[in-house]
Amino acid sequence: MGLVKPYNIFEAAQKQFDRIADLVSLEPAMREFLRIPQREFQFSLPVYLDTGETRIFRGYKVQFNDALGPTKGGIRFHPQETMDTIRALGMWMTWKCAVTRLPLGGSSSGVAVDTHNLTPKEQERLCRSFVRQTAYNSGPEWDVMGPDIMTGPQHMLWMLDEYEVIHGRKSPGFITGKPVGLSGSKGRKEAPGYGVMIAVREALKEMGIDILNTTASVQGFGTVGRYAVQLYTQMGGKVICISCLNHTDHIAYAFRKKDGIDFEQIAAITDQFGEIDKERAQEIGCECLPGDAWIEQNVDILIPAAMENQIRLDNVEKISKQVKILAEAANGPTDPDVDPILNQRGIKVIPDILANAGGVVCSYFEQVQSNMNYYWSKDEVLGKLDAHLTSAYFDVSAFAHKNNLPLRDAVYMVAIDRVARACQDRGWV
Ligand code: NAD
């Protein structure tokens, strides 16, 4: 029996790119230039533990393409972090900034670490150590990080502080996702999840479906999942299932309540890692099912908001016939091999680089505010976010209709074309 090749997220991202490059007959040198990162870094991060021991973590940074402007990307802490994950995220971020017309390139950063096992002081030392390795290869005019999996406002603030100490000046535009009141933007924490539901709202309007008659099932209840659920329920939709990872049991559970999960109730029993308390969820009337049950619910909208590679050839058939929209809140949740099946079934896929772009759009707003040291009201931020994302959605949806393309192909074509033109106009390729 032959060995099964493990899933490689960067190969999946390149496969998506290659398919579109074929469709638009991208010139060979441009194709070669755009399918690999412009720059990448790997480094060791020694961290003193509170016990007096030292542990060495591995850090990664990829500046994928900066033709459109300074690169922007999340920093994630994850035990299974690899250079290839960071390469894929950097590539997707490049397309994400292009499709939303931000004057930014794409990057990504990460550390292979499980922060559940580190005290706050140890996490602070890790954040500072990361910045010490990258402070001369990043900055407001070069490469700007923001939060991603297992990183939040406090991590961003420690990193900013270290950067400012190293450079001897205040540079609040160095990083985004900072605490509000300490050069963070109002609305930033809500933005990625709200952005998902702004795209869903527009898709439902196009399909002539009233949001009040819809139901959804969500995988993941962290930064993105939580606020997607909040806005969706505010708009009148009903979430009937949410799954998350349980760190004590090391497995995922799905919590289902067929008559709808109350957002405030479930948020109140969820920790900072997006883990819902299993016992208390049952007390508020949720059934506790195996983690993968989120995908097989009879709902109209599926929202993967956890990890990559969650919808695959081995589970796509579990998706209910009722599902009309798959909104990719996470980065890379769908194996590219599954796309033809979803298209054939008539499921509208709102691709990650559009669906979860609310995070980077609001990060851009935060950069602008930080660089001016002038901060906007929450209504102003969220109003601008809505206008910006709605217009990005209209752009690509019109292109998709005109050319009779699935939304994913349209989004990729528009994004790759914009980046390729910028590389050409700069005289690079
Ligand atoms: P997070 O760490 O805040 O939350 C992750 C959630 O997923 C948690 O609820 C966790 O329990 C759950 N989870 C993890 N593995 C799971 C599994 N196997 N089954 C079920 N649930 C599982 O992360 P986040 O910031 O919300 O990011 C989620 C996704 O969205 C990632 O793909 C990330 O790259 C992407 N994203 C994040 C942002 C951002 O600003 N945070 C922006 C755009 C995209």
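Trainee: What makes the approach of Leu-245 to the ligand a polar contact?

Mentor: A polar backbone atom of Leu-245 is 2.9 Å from an oxygen atom of the ligand. A polar contact is a pair of N or O atoms within 3.5 Å (within protein, one must be able to donate a hydrogen and the other to accept it, and residues adjacent in sequence count only if both atoms are side-chain atoms), so the Leu-245 pair qualifies. Val-224 also has a polar backbone atom 2.9 Å from a ligand oxygen, and for Met-150 a backbone N or O atom lies 3.3 Å from one.

Trainee: How much of the ligand does the protein cover?

Mentor: The protein covers 91% of the 820 Å² of accessible area that the ligand has on its own. Such areas come from the Shrake-Rupley method with a 1.4 Å probe; for residues, only the protein chains shown count as cover.

Trainee: What is this model, and how are residues numbered?

Mentor: It is a predicted model, in which local features need pLDDT of at least 70 and side-chain atom pairs count only at pLDDT 80 or more, while totals for chains, interfaces and linings use all residues. Numbering runs from 1 along each chain as its sequence is written, and side-chain values use heavy atoms, with hydrogens and water left out.

Trainee: Which residues around the ligand come nearest?

Mentor: Arg-76, Phe-221, Leu-245, Gly-274 and Asn-331, out of 26 around the ligand. A residue is near a molecule or strand if one of its heavy atoms lies within 4 Å of it.

Trainee: Which element gives the most to that shell?

Mentor: Strand 7, with 3 residues. Strand 7 (238-246) and helix 7 (223-234) each supply at least two. Helices (H or I, at least four residues) and strands (E, at least two) are DSSP runs, numbered from the N terminus.

Trainee: Why is Gln-230 called buried?

Mentor: Gln-230, in helix 7, has a relative accessible area of 14%. Buried means under 20%, exposed over 50%, partly exposed in between (1.4 Å probe, protein chains only), so Gln-230 is buried. Leaving aside neighbours within four places in sequence, Gln-230 is in contact (heavy atoms within 4.5 Å) with Glu-190, Tyr-194 and Phe-263.

Trainee: How do you know that strand 7 pairs with strand 8?

Mentor: Two strands pair if DSSP finds at least two bridges between them, and 6 join strand 7 to strand 8 (residues 251-256), so they pair. These two run antiparallel, and Leu-245 has Ala-252 as its bridge partner in strand 8. The two strands form a hairpin with 4 residues between them, and His-250 in the turn has a positive phi of about 60°.
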